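Q: I am new to this structure and would like a close look at a single part of it, taken slowly and set in its surroundings. Please choose a part where several features come together, and explain how it relates to the rest of the chain.

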Amino acid sequence: MDWGSGATAVEDFADFVRQALPGLLRYGHMLTGNPHDAADLVQTVLERLGARWSSIGRKTGDPVAYARKAMVNAHVSRWRRTRKESLLAEMPDAPAPPRDDPFENEPLWEALRGLPPRQRAVLVLRYYEEKSEAEIAAVLGVSRGTVKSQASKAMTTLRGRLGTSVGGV
């Protein structure tokens with residue numbers, strides 16, 4: 001692939017988005033727990049990648065992996081920022097009716113949605129991305145012990161909610 005500048009870089013980025021978008025949306029859905037937040041996360045990351053596409057293309061051999069890592073970092077930053085409660089002066093207008101979610105009644109997805117964001121991120125990185133504890137700790141900026149405890153708590157919660165063995169254990 002030519003990682004040049006100008007129109008070629010724009011075309012390369014457009015090709016990348018067309019090819020990687022479905023997988024990035026699935027990955028974002030697993031991280032965030034719902035398709036709407038996933039779409040927002042993917043859009044945010046693709047905006048950042050598009051602005052730096054020519055340098056990303058030269059520096060990385062796998063732009064999809066780079067995008068996934070950027071998604072995890074953006075997701076972690078978002079839930080760290082929004083951890084504080086914010087009060088509204090007025091109630092917002094009634095939301096639009098939600099679109100059908102294909103995973104709405106899937107027990108595993110419902111159980112994953114119920115996990116706290118950090119636990120969900122640890123499970124996605126561990127079982128979807130197949131990252132080691134050290135890699136997960138580096139991505140999330142926590143210790144290996146925190147990764148182990150969050151994974152253990154998440155698996156215990158999932159086992160309790162699903163009533164079966166989870167993770168082959």
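**A close look at the loop between α6 and α7**

A: In this predicted model, the protein chain holds eight helices and zero strands, and from the N terminus on its elements run α-α-α-α-α-α-α-α. Of the 169 residues of the chain, 34% count as buried, and among contacts between residues at least 6 apart in sequence, 65% join residues at least 24 apart. The part chosen here is the loop between α6 and α7, where E129 is found and where E130 is found as well.

These two residues of the loop make a useful pair to begin with. E129 is buried, with a relative accessible area of 19%, which places E129 below the cut-off of 20% that buried residues must stay under. E130, on the other hand, is exposed, with a relative accessible area of 66%. The backbone of E130 also deserves a look, since E130 has a positive phi of about 55 degrees although it is not a glycine.

What does E129 touch, once residues up to four places away in sequence are not counted? The residues are Y27, R68 and V124. One of them, R68, is also a salt-bridge partner, for the side chains of R68 and E129 meet with N and O 2.7 Å apart. This pair links distant parts of the chain, with R68 in helix α4 and E129 in the loop between α6 and α7, 61 residues apart. Side chains of opposite charge can pair when their charged atoms come close. A backbone distance concerns E129 too: the C-alpha atoms of E129 and A65 are separated by 9.5 Å, although the two residues are 64 residues apart along the chain.

The residues just named lead to a pocket. The second largest pocket has a volume of about 170 Å³, and its lining includes E129 together with Y27, A65 and R68. Also in the lining are K69, V72, L125, K131, E135, A138 and V139. The elements that give two or more residues to this lining are α4 and α7, and the largest share, four residues, comes from α4. In character, the lining divides into six nonpolar residues, no polar ones and five charged ones, and both partners of the salt bridge between R68 and E129 are part of that lining.

From the pocket one can step to the nonpolar interior, because V72, a residue of the pocket lining, is among the residues with the most contacts inside the largest nonpolar core, and buried nonpolar residues are what such a core is made of. This core has 32 residues, and F16, L31, L46, L49, M71 and L140 are also among those with the most contacts inside it. The elements that give two or more residues to the core are α1 (7-32), α2 (35-51), α3 (53-59), α4 (63-81), α6 (117-128), α7 (133-140) and α8 (144-162), with α1 giving the most, nine residues. In soluble globular proteins, nonpolar side chains tend to be buried together.

M71 shows what such contacts look like for one residue: leaving aside its neighbours within four places in sequence, M71 is in contact with L24, Y27, G28, L31, L41, V42 and V45. Y27 therefore appears twice in this account, as a contact of M71 and as a residue that E129 touches, where a contact means heavy atoms within 4.5 Å. Apart from the largest core there is a second, separate core of seven residues, which includes A111, L112, L115 and M155.

To set the salt bridge of the loop beside the others, the count for the structure comes to three. R144 forms one with E133, the closest N and O atoms being 3.4 Å apart; R144 lies in helix α8 and E133 in helix α7, so this pair ties together parts that are eleven residues apart in sequence. Here R144 is partly exposed, with a relative accessible area of 45%, and E133 is partly exposed at 26%. R18 forms another with D15, with the closest N and O atoms 2.5 Å apart. These two residues are three residues apart in helix α1, and are therefore separated by about one helical turn. R18 is exposed, with a relative accessible area of 58%, whereas D15 is partly exposed at 29%. In the pair with R68, by comparison, E129 counts as buried at 19% relative accessibility.

Note on methods. Residues are numbered from 1 along each chain as its sequence is written. This is a predicted model: local features need pLDDT of at least 70, side-chain atom pairs count only at pLDDT 80 or more; totals for chains, interfaces and linings use all residues. Side-chain values use heavy atoms; hydrogens and water are left out. A nonpolar core is a set of buried Ala, Val, Leu, Ile, Met, Phe, Trp, Tyr and Cys residues joined through side-chain atoms within 4.5 Å. Buried means under 20% relative accessible area, exposed over 50%, partly exposed in between (1.4 Å probe, protein chains only). On a 1 Å grid over the protein atoms alone, a cavity is a set of points where a 1.4 Å probe fits but cannot get out, and a pocket is an open set with protein on both sides within 12 Å along at least five of seven lines; lining residues have an atom within 4 Å of a point. Grid points are joined across faces, edges and corners, and a volume is the space filled by probe spheres set on the points. Ala, Val, Leu, Ile, Met, Phe, Trp, Tyr, Cys and Pro count as nonpolar, Asp, Glu, Lys and Arg as charged, and the others, Gly among them, as polar. A salt bridge is a side-chain nitrogen of Lys or Arg within 4 Å of a carboxyl oxygen of Asp or Glu.
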